[in-house]
Amino acid sequence: MSVENPRRALGVVFVIVFVDLLGFGILIPVIPLYALSFGATEFVGSLLIASYSAMQFLAAPVLGRFSDTRGRRPVLLLSLSGSVIAWTMFGLAGSLAVLFAARMLAGAMGGNIATAQAYIADITPPEDRAKGLGLLGAAFGLGFVFGPALGGFFASEPVVSGARSLLPAFVPVSEFSLPSFAAAVITGLNLVAAYVILPESRPPEARTVVSEERESRLEQLVSALRTHGLSALIISFFLVSFAFSALESQFIFLTNDQYSYGATENAILLTYIGIVIAIVQGGFIGPLTERFGEYWLALTGVAIQVVMLAAVPFSPILGAVLPSTGNLVSFGPTLPPGVIALLIIMTPLSVGNALTNVSLNTLVSRSATADEQGGAFGLTQSAGSLARTFGPALAGGLYTGIAFWAPFVAGGLLMIPILILLARVDREAVSPSTA
């Protein structure tokens, strides 16, 4: 380790990743409706959502190799600089083409997560590495909780009106552009802080030229699918991510069509979902795992999602027996009975997804040797990126071409094969705590 104060450097990386994800999260409730404002269909809007993951999948290994040869710090600074440009373009976009260009640039810069993980591996001893990577996961969770909340704040009418009166006339201010500019400013401040206080973790003598003969992420994924025991888990993780991406990509389209919810209303709903997931992953997973084991938690999580994911679009019907509660907060959405039913459905659905993701990751880790842990997690990330690339595209096609309920029902049905795959897993090999 070349860093004089590893604990301080770890804290710096935590803040950098958190603020980076905060900037990304701000735009989650904005992006689908931004696309619709340019006349895009839900299918095209879904492609806009998917373009981020596609570029992240392609760029992550490139940035990773660059960080091996040139250092972690330059890559992190480069990616933050690119994100500032991307979010600024997003706010200034005058066409759907510019939105796509900005989203794809942001996705390419989002490939820096692997570099952040490598940075933590550089500055932590093996026995503390899991804690360091866990801290990175906490930064992820917090970014996705507070990001959408900030996005809803900057998209709210009082804030937009106030910004119009304060900013120069040449600055385009709307419920879509203002969150984009906020993300750019936050990321820009993050860039300045990283430039000033982030040390390099990889000394010059450790930087070697990486062989171009290394397997691509796609080739590694194909190889893993041929490995007994690991293939069922990787396919399961892919299907979970693919199916849940139907909810992630179509949720805002659904609430906009069914309840006329805009960015602010959706931000409150998404913040609630993020809090539920964070509570499960941060507080309940440990005790539940000790009692039941990862295998049974994964099965339970999938079973919950089979039912609840398919039930999401039918919340208006289920809400027919529920009363309205008025406004959630003074500036928030009115909660008609259908939305109350939607929140009731989303609560166990979010719990099920949190249980499944954490448990499957752990099972994949258990299936690999101590020297293969990084590669094992890289495989799940690759499977997830591919799922979040193709899943939204298919979901958008079903939403536009068949009916609003189709992608959610299809997502629930896709969970059923996972139950079959998990039934074939050798529980003693991957989950000794349940033996």
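**Exercise 1. Work out whether V409 is buried, partly exposed or exposed, then find its partner in space.**

Solution. V409 has a relative accessibility of 21%, so it counts as partly exposed. The cut-off matters here: buried means under 20% relative accessible area, and exposed means over 50%. Bear in mind as you go that this is a predicted model. Next, place the residue: V409 sits in helix 17, which covers residues 406-414. Now look for A310. Along the sequence, A310 and V409 are 99 residues apart, yet their C-alpha atoms are 4.1 Å apart in space.

**Exercise 2. Do the same for R65: find its helix, its exposure class and its distance to T115.**

Solution. Start with the helix: R65 belongs to helix 3, residues 42-70. Then the exposure: the relative accessibility of R65 is 27%, so R65 counts as partly exposed. Finally, pick out T115, which is 50 residues away from R65 along the chain. Between the two C-alpha atoms there are 9.0 Å.

**Exercise 3. Describe how helix 4 is arranged against helix 1, helix 9 and helix 6.**

Solution. What do you need for each pair? Two packed helices are described by the angle between their axes and the distance between the axes. You'll also want the cut-offs: under 35 degrees counts as roughly parallel, over 145 as roughly antiparallel.

Step 1: take helix 1 (residues 6-26) and helix 4 (residues 72-92). Their axes come within 11 Å and cross at roughly 15 degrees. That makes helix 1 roughly parallel to helix 4. As for handedness, helix 1 passes helix 4 in a left-handed crossing.

Step 2: move on to helix 9, residues 177-197. Helix 4 packs with helix 9 at an angle of about 160 degrees, and their axes are 8 Å apart. The two are therefore roughly antiparallel. The crossing of helix 4 and helix 9 is left-handed.

Step 3: finish with helix 6, residues 113-123. The axes of helix 4 and helix 6 cross at roughly 150 degrees and come within 10 Å. That makes helix 4 roughly antiparallel to helix 6. Again you'll find a left-handed crossing where helix 4 passes helix 6.

**Exercise 4. Find the loop residue S260 and say what is notable about its phi angle.**

Solution. First, locate S260: it's in the loop between helix 11 (230-259) and helix 12 (263-292). Now check the backbone. Phi of S260 is near 55 degrees, which is a positive value in a residue other than glycine. Last, the surface: with 61% relative accessibility, S260 counts as exposed.

**Exercise 5. Which residues form a nonpolar patch on the surface, and how does I317 fit in?**

Solution. The patch consists of F314, I317, L318, I402 and W405. Together they have about 500 Å² of accessible area. Zoom in on I317, which lies in helix 14, residues 315-318. Its relative accessibility is 61%, so I317 counts as exposed.

Definitions and conventions. Residues numbered from 1 in each chain as written. Predicted model: local features only at pLDDT ≥ 70, side-chain atom pairs only at ≥ 80, totals over all residues. Heavy atoms only, no water. Patch = residues over 30% accessible without salt bridge, like charges linked within 9 Å, V, L, I, M, F, W, Y side chains within 5 Å. Areas by Shrake-Rupley, 256 points an atom, 1.4 Å probe, with all protein chains shown as cover. Salt bridge = Lys/Arg side-chain N within 4 Å of Asp/Glu carboxyl O. Helix = DSSP H or I, 4+ residues; strand = E, 2+ residues; numbered from the N terminus. Buried < 20%, exposed > 50% of the residue type's maximum accessible area, 1.4 Å probe, protein only. Axes fitted to C-alpha atoms, helices over the stretch in contact; angles between N-to-C directions. Parallel < 35°, antiparallel > 145°, perpendicular 65-115°, else oblique. Left-handed = near helix turned anticlockwise from the far one by under 90°.
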